[in-house]
Structures are given as structure tokens and as C-alpha cells.
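Hi everyone, thanks for making time. I'd like to walk you through a model I've been looking at, so get the picture up on your screens and follow along.

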Number of protein chains: 4
Amino acid sequence: MPKKTFYNLDKEKRTRVLDAALEEFGSHSFHRATVSRIVERADIPKGSFYQYFESKKDLYRHLIEMSQEKKFEFMKGALEEMESEDVFGRLRKLYRAGFRFAEQNPRLLAVGQNLMKEDAELQEELLEESLASGEDFIIGTLKEGVENDEIDPNANLSVAASMITQYNLKLVDIFLGTPLNEGAEEFLKKIDSMIDILKNGLSKE
Amino acid sequence: MPKKTFYNLDKEKRTRVLDAALEEFGSHSFHRATVSRIVERADIPKGSFYQYFESKKDLYRHLIEMSQEKKFEFMKGALEEMESEDVFGRLRKLYRAGFRFAEQNPRLLAVGQNLMKEDAELQEELLEESLASGEDFIIGTLKEGVENDEIDPNANLSVAASMITQYNLKLVDIFLGTPLNEGAEEFLKKIDSMIDILKNGLSKE
Amino acid sequence: MPKKTFYNLDKEKRTRVLDAALEEFGSHSFHRATVSRIVERADIPKGSFYQYFESKKDLYRHLIEMSQEKKFEFMKGALEEMESEDVFGRLRKLYRAGFRFAEQNPRLLAVGQNLMKEDAELQEELLEESLASGEDFIIGTLKEGVENDEIDPNANLSVAASMITQYNLKLVDIFLGTPLNEGAEEFLKKIDSMIDILKNGLSKE
Amino acid sequence: MPKKTFYNLDKEKRTRVLDAALEEFGSHSFHRATVSRIVERADIPKGSFYQYFESKKDLYRHLIEMSQEKKFEFMKGALEEMESEDVFGRLRKLYRAGFRFAEQNPRLLAVGQNLMKEDAELQEELLEESLASGEDFIIGTLKEGVENDEIDPNANLSVAASMITQYNLKLVDIFLGTPLNEGAEEFLKKIDSMIDILKNGLSKE
DNA sequence: GATGAATGAGCTTTCATTCAT
DNA sequence: TATGAATGAAAGCTCATTCAT
């Protein structure tokens, strides 16, 4: 956790620091990111950095948590209006909500994506249970599909969920411009195509 | 490219160096891998390293290329006997061949997997077109499926191909023991499940 | 010397600061003690610290002087009732009084002991003449023993006095639990043994 | 242990590094000693330091061990010719030998003396059993005195041994010029006086 | 060509003290 | 006078690469 000195900072400076950190951790892995570049970009003395944060990891963890909270907050709305839909309609809405979140918080997305490429060790340390929970949520949703006769009860839901989360990584990479940043339309079409493939692939009959 | 001095080395030494490098780049990302550990493990002087290679990256690039060639060589056989099958049967065989390759070359696999987690920048530099080419091959195969009336011509083949390659990353992670190393059987079952989902998902009608 | 702002503080706060300082300098050498920990423990702002004291050393010096005064005050009583005894009886009482002081002011003792392990430079700066004066007092006492025919006039009193003060350091270390904190009884027995050895060692005949 | 690169250095440079280290650790405690000053004095790049040693502590440990070995080597001779003497004669010779060693290796002495003023933790880590063994050796010698009827069997040998080792610290301080460096004669007289006091103090009758 | 020592920029972190309000 | 953020020099250490023999 950042020290309270950080929260006592005036908002402009706090923002400057967070922006510099997002920029740094969005474009470098945790280990390659440097405090020196962050303080330089934020235009604060290096000593100040350690007045605000315990360590480089402290700041990183803060960013990750911020990102998760923000995304959770954002997704809550989407999740509520999903209730009525069938299971694939819900997944589609979930993805579209994710896309809107990404549009509004591209750097947060980049930080998270970089974390996904880190040591398993670091991931576990920072994400704790939340890593698995993403896939578990998908599996849960698919199970409801089975109960509603939308999904073949013999389908391997665990594999399907992995396919979804893995393809999501690809989407994020694409979104972040790796290798190329396509337009929103193109993007939403990809989401729909994936959902359609899975819908057909898993549906009863 | 390694310098010609490297190729002048007797085979035993060359192997020792490559083995040490595989070990290092298989267990560390490019940036965290150190030349010191490689030369120590290979039991060669540090100066020699730079007689053989231009730089750390030079060796890394060589490993990546070697790995790709070796895999290509290995897959050629599998590809030939795939001719007769239908498209999903071929994909299944492709994956099973990939699995056998992985079993025989786990460290090569690890190096490649680590590269997938690197900076986009580094990936582009080292993989050049070959990154896309893997996906292109899948797309080509799927296209044949369309022509043979096995696949719905309206299906988004590019998305399907991405789903396949992305899920492959997951399989490799599982294979390499992250997060858990399951038995071969379990493994092949996952492959089959994925193929089945896609088969249903993409098939005409 | 502390600034007058320190003396303007209400007693409770002043005590809090001194306690925090005793704790810190009792458990760390001067150089390893940190102002940050002191202000944190005393629950005062860091800026205030420098309102009260010129520097870390200023506070340290104050503590040392306080400690010496307090000990001197304490010992005065013991010294008075020693008059009637022979010289070794007096030394014994001196030590026992020192032991009681230690029991009542263990942290003061620890601070002093830590100082004894500092750079000679720092010691000289802070202790000035008082270092020697302890030994001089012992020598004075021994001289009286010579005059009273209790001590051999040829004995090297300076060496004897050093032996006493040096052994005292050992006792303090033991007392402070380094390497092991024995019971009071054991402790007093050691004092007696030392006195006995010296008594025999120095006595006439 | 220093790395083998250190031992491969030409003697002049190796000496320069060791001299710089002795100078640094002789005049500063382990924690206050800095690698920067050492490399500056030795006139080597900082990177080289870490080619030669694992860490600051590695070098320090080496110095301590060197010092102990050297002293042990030196003392062996003295110990042998002590056989014939009575117990106090032996202690006297021991001290005189120690003094000669000090004269020839004053900086080694200073390093050791600084270590005695360190954290108990650091001492234990670096000295392991050898710390206690010094006092044990003295006790053993005194015990022989008891067996030979030279020492009162009721004497507290443990206290006597502590007095000896503690006074030794004082002697070393004096020798190293803290507070003042006296002549050799004066010095030897102090040793004799201490031995005499103990001899009388412990002798039977 | 082989060797292994030399190099130095850069890393994260600490902390006494000063500054600005 | 009180406050707590600002500061920057300095610490130990790493490592890819170059240099000298």
C-alpha cells in the first residue's frame, strides 16, 4: 500500500505520479520497469518516491489493485443488465463491456497485460485468488447454460472457458496495438465471431 | 547469427553451449537470462562467448530459429500423413504431433514460450513474419475445410485460427507445469475437446 | 544541547520523546539508529524533531549526559554509606549499587553500553573527560587502600582500575542479555568473585 | 570466500585491495565501512570489486579468517615454548606473543577489534565457535593451575578468564592508540602487572 | 582464437536534514 | 512553532560487453 504521504499529496501531483507509473508499467514488465524513469517522468526527486511508496513493488501492486477495482466497478453495471439474456448473449455483453472499459482505460489494460506475462511467482503474489476466479466465473456462466439446455452437457466447459480467456489475451494484445490496432468495429466483430463459434460449438444438438 | 568461430567448434562443445543456453532461456525471460550463467553452465570462458556470438540477443535469436526449424522438420512428417483426413482430423493430428514434439524437446518449447511473454518489440524483431505464418497456416487449413464443405463459408476463419493458436499457448503452459503438469492422457483429451468445440462451432449447418 | 523548545514541551510529550530515543539508542548503535523510528515511536512530526534538537547527535549527547547525571545522582547515596567500609568492601558496594541502578534503568544502561562500542572518535567527542574520570575514581579509591595498608604500595593501581572497569563492561553485556541473561544471584556472585580476586591480588603481603 | 578471480590477480593488485580493505575495516565498523571507499583507495573499478568478492561481507569474512589464521600460526610457536612454565608464566608469554603479533600486524588487530564491537549477530555469524574458544582456552590453562596447586581450587576461574579477556580488549584499544599509544615498555609492564595481580589473586593460600 | 579480468552505467533503496506552509 | 513533504547524496550490487594478453 502506498504510504499516507502519497494520499496527502495534492491531486495534480498524485496524478502525475500515477500517470508516470502507468506509462512505465504499461510499456515494461515489472522487472524492466525502473523507478528512475518513473520519477523522471513524474518530475519528482527519487527520494520522494520512497516517501510515497514502500518499494517499486508496492506501487506496482497498487496499480494492479486499482485496475482490478476499477474494472470490477465498471463491470458491475454490465453484469446486472445481463441477467435476462441467454448465456452467449451474456458473454457477448461481458466482452463488449470489457471493450468499453479498455477504450476508457487503455493504460490500465496494458499494465494488467504485462503482468500476465510475468513470472508465475509474481503473478501469484500479486493476484492471489483473482487469477483463477476469472476462468471460474466463465465456467460458472457456462454451467448455467447447461442447466438451461443451451449447452451440451457433454461439452468440456473447462476447455471452453480456457479458450475464452486465452482469446481474450489476444484481443487485448490486438487492442494495445500488438501487432496492429484495428478499429472498434473490426474489434467487436471479432468478439461476435468468437462467441458465435463457441455458441455453435457448445450448443445442444 | 553466431559467428563462424562457433561453427568451427567441435560438436561436443557446441552442444554444451547450446544446452546451457536452452536451459537458461527456458527458465528465464530474455532480459533476465544472464550471459554469466550460460558460460558458467557451458563451462566456457566469458570471452569465448563473444567470440561465438555477437551478443546475448544473437544467441537467443539463433535458438529461436533453431527451434523453429527443428519443429518444422518434425512437423513435416506429420503434415504428410495428414493429407487424407478431413480438416479437423488434420488439426487434431497436428496438435498431437505438436505434443510429441513437446515431449521430445521440452526445453525448446520453454524457450519459445518465454519469448511469447516478451515485449512485443522483441517478438517482432525475432519472429518477423513467422509469428503470423503459424496462424496463416491454420487459416489455410480451415479454408480447405470451407472448400470441402466441412466448414461454414460464413465462419470467421481468422478468429477461429487465433482461438486455436491462443489455446495452444495455454496448453504449452500446462505442459510446462504452469500451473500444473497433468498426464498425457488428460492432455490429449483437452486437445480433443478443443477440436470438437471448433468442429461443431464451424461446421456447416 | 536540546533547544529551548524542547524544554517548553509539556512533560508527557518530552517523556515520550526521551523514551523513544532511549529505546532506539538502546537497541541500535548511534549510526544505525534512525531519526525516523524515533519520531514514529514518539508520535511526533519529523519536523518537530529538528525544532527540539539540533541533530541526531544532539539528542544522543543529551541522552548520554542525562544518563551520567542520573547514575551519578543514584550513586551519591551509595557512596556516602560506603565511608566506613574497607576499600574492597566499598568497591563491592559500588558494584552492587551499580547493579541496582542497572535494574532500575536498563535502557539507560543499554545506551551507554552501545556508546562504548562506537568509534573512538565519537566516544571522545561525547564523553570528553568523563571516560577517564570513572577510572580515576577507582584509582582514587585504591589509593586510599594503599594509605590504609590494605593494598600493596607496589601494586599497579592503574592496571587494577582498568581491570575493574573492563570487567564491568562484560557484566553489563551479560546483564543486557548478551550473550545470556543470568539471574541476579549469579550476577552478584560474579561481582564478589571479581572483588575477591582483586583483593587477594592487591593486598599487602 | 573471495572468488578465484581474486586469487588470479597479480600480487601487487591483490595486496592493494587487501590493504585498502584493512584500512577501511580497521577504521570503520563493518556497517559503516563502504565498498566505495575501498575501491577508491585500491584504485579499482567498483565492478571489479564484485568480480573478486561476493559481497562486502565476503571480503570482511575473508579478512577476519586471514587474521585468525595468521594469529594462530604466529601463536603456535609461542604456545610450544610455554610448556615448561608455570601457569602464570605461560599466560605472560601468551600475552607477550600477542603483543609481538600486534606490533607486526596492527591493522589486522584493528579489524578484529572493530568486529568485537559489532552486533552480537554479526559476531556469531563470522566467528562461529572461535569466540567462546578464546575464553575457554584461558579457563583450561587456569584449570591446569589448579591441578598443579598453583591456583586456589575455590577460585572462580570463569570470572578470572573474563577479566583476562576483557582487559585484553583494553590493551588492544590502548595499543591502537585509543586513547593514547604508549611505548612497548610501558605496554609490557601493564601485562606483567595484570598477570601479577591475578597470580596473587588466585594463588593458593 | 582463447581467455578472463576490466569496466561503468545503472539498478533499488536509505536517511539525515531542510524547506515551505 | 508545528508540520510533513522534499531532497539528494550515497549505499550495495548487477551485468552485458570490451579489452589486453
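**Protein chains around two DNA strands**

Let's begin at a single spot: the polar backbone atom of Ala33(B) that sits 3.0 Å from a phosphate oxygen of DNA strand F. Before going on, keep in mind that this is a predicted model, and the distances I quote are computed from it.

Staying with strand F, there's another backbone contact on chain D. Here a backbone N or O atom of Val35(D) is 3.0 Å from a phosphate oxygen of the strand. What about the bases? For those, look at Gln51(A): an N or O atom in its side chain is 2.7 Å from a base nitrogen of DNA strand F.

Now zoom out a bit. How many residues surround DNA strand F? There are 32, and the closest are Thr5(A), Lys13(A), Pro45(A), Gln51(A) and Tyr52(A). If you take the atoms of strand F within 4 Å of the protein, 58% are sugar or phosphate, and the rest belong to bases. By class, the surface near strand F has eleven nonpolar, 15 polar and six charged residues.

Which element gives the largest share of that surface? It's helix 4 of chain C, with five residues. Other elements that supply at least two residues include helix 1 (4-8) of chain A and helix 3 (35-42) of chain B.

Okay, on to the other strand. DNA strand E is surrounded by 32 residues, and the closest ones are Thr5(B), Gly47(B), Thr5(D), Lys13(D) and Tyr52(D). For strand E, sugar and phosphate make up 57% of the atoms that come within 4 Å of the protein.

Let me point out three contacts on strand E. On chain A, a polar side-chain atom of Tyr50(A) is 2.7 Å from a phosphate oxygen. On chain C, a backbone N or O atom of Ala33(C) is 3.0 Å from a phosphate oxygen. And on chain D, Gln51(D) has a polar side-chain atom 2.8 Å from a base nitrogen. Among the elements that give two or more residues to the surface near strand E are helix 3 (35-42) of chain A and helix 1 (4-8) of chain D. Helix 4 of chain B gives the most, five residues. Sorted by class, that surface near strand E has eleven nonpolar, 15 polar and six charged residues.

Next, one helix up close: helix 3 of chain C. Which of its residues are buried? They are Val35(C), Ile38(C), Val39(C) and Ala42(C). Look down the axis of this helix and those buried residues fall within an arc of 90°, so they line one face of it. What do they pack against? Helix 2 (11-27), helix 4 and helix 5 (56-82) of chain C. Right after helix 3 of chain C comes Asp43(C), with a positive phi, near 60°.

Now, how do the chains meet each other? Start with A and B. Their contact takes 25 residues from chain A and 28 from chain B. The area buried between these two chains is about 2,400 Å², with 63% of it from carbon and sulfur atoms. On the chain A side, Met163(A), Gln166(A) and Ile197(A) lose the most area to chain B, together 26% of what that side buries.

There's a nice residue to look at across from there. Gln166(B) lies in helix 10 (residues 157-175) of chain B. Is it buried or exposed? Gln166(B) counts as buried because its relative accessible area is 10%, under the 20% cut-off. Beyond its neighbours within four places in sequence, Gln166(B) touches Gln166(A), Tyr167(A), Leu169(A) and Lys170(A).

Then there's the pair D and C. Here the contact takes 25 residues from chain D and 28 from chain C. These two chains bury about 2,400 Å² between them, 64% of it on carbon and sulfur atoms. Met163(D), Gln166(D) and Ile197(D) supply 26% of the area that chain D buries against chain C, more than any other three residues.

And which pairs don't touch? No contact joins chain A and chain D, and their closest C-alpha atoms are 21 Å apart. Chain B and chain D have no contact either, with closest C-alpha atoms 12 Å apart.

Last, chain A as a whole: it has eleven helices and zero strands. Of its 205 residues, 45% count as buried. Its C-alpha atoms fill a box of roughly 65 × 35 × 30 Å along the principal axes. That's my tour, thanks for listening!

How values were computed:
Residues are numbered from 1 along each chain as its sequence is written. Chains are lettered from A and ligands numbered from 1 in the order in which they are written. This is a predicted model: local features need pLDDT of at least 70, side-chain atom pairs count only at pLDDT 80 or more; totals for chains, interfaces and linings use all residues. Side-chain values use heavy atoms; hydrogens and water are left out. A residue is near a molecule or strand if one of its heavy atoms lies within 4 Å of it. A polar contact is a pair of N or O atoms within 3.5 Å; within protein, one must be able to donate a hydrogen and the other to accept it, and residues adjacent in sequence count only if both atoms are side-chain atoms. Helices (H or I, at least four residues) and strands (E, at least two) are DSSP runs, numbered from the N terminus. Ala, Val, Leu, Ile, Met, Phe, Trp, Tyr, Cys and Pro count as nonpolar, Asp, Glu, Lys and Arg as charged, and the others, Gly among them, as polar. Buried means under 20% relative accessible area, exposed over 50%, partly exposed in between (1.4 Å probe, protein chains only). The arc is that of the directions from the helix axis to the C-beta atoms. Contact means heavy atoms within 4.5 Å. Buried area is the accessible area (1.4 Å probe) that two parts lose on being put together, summed over both.
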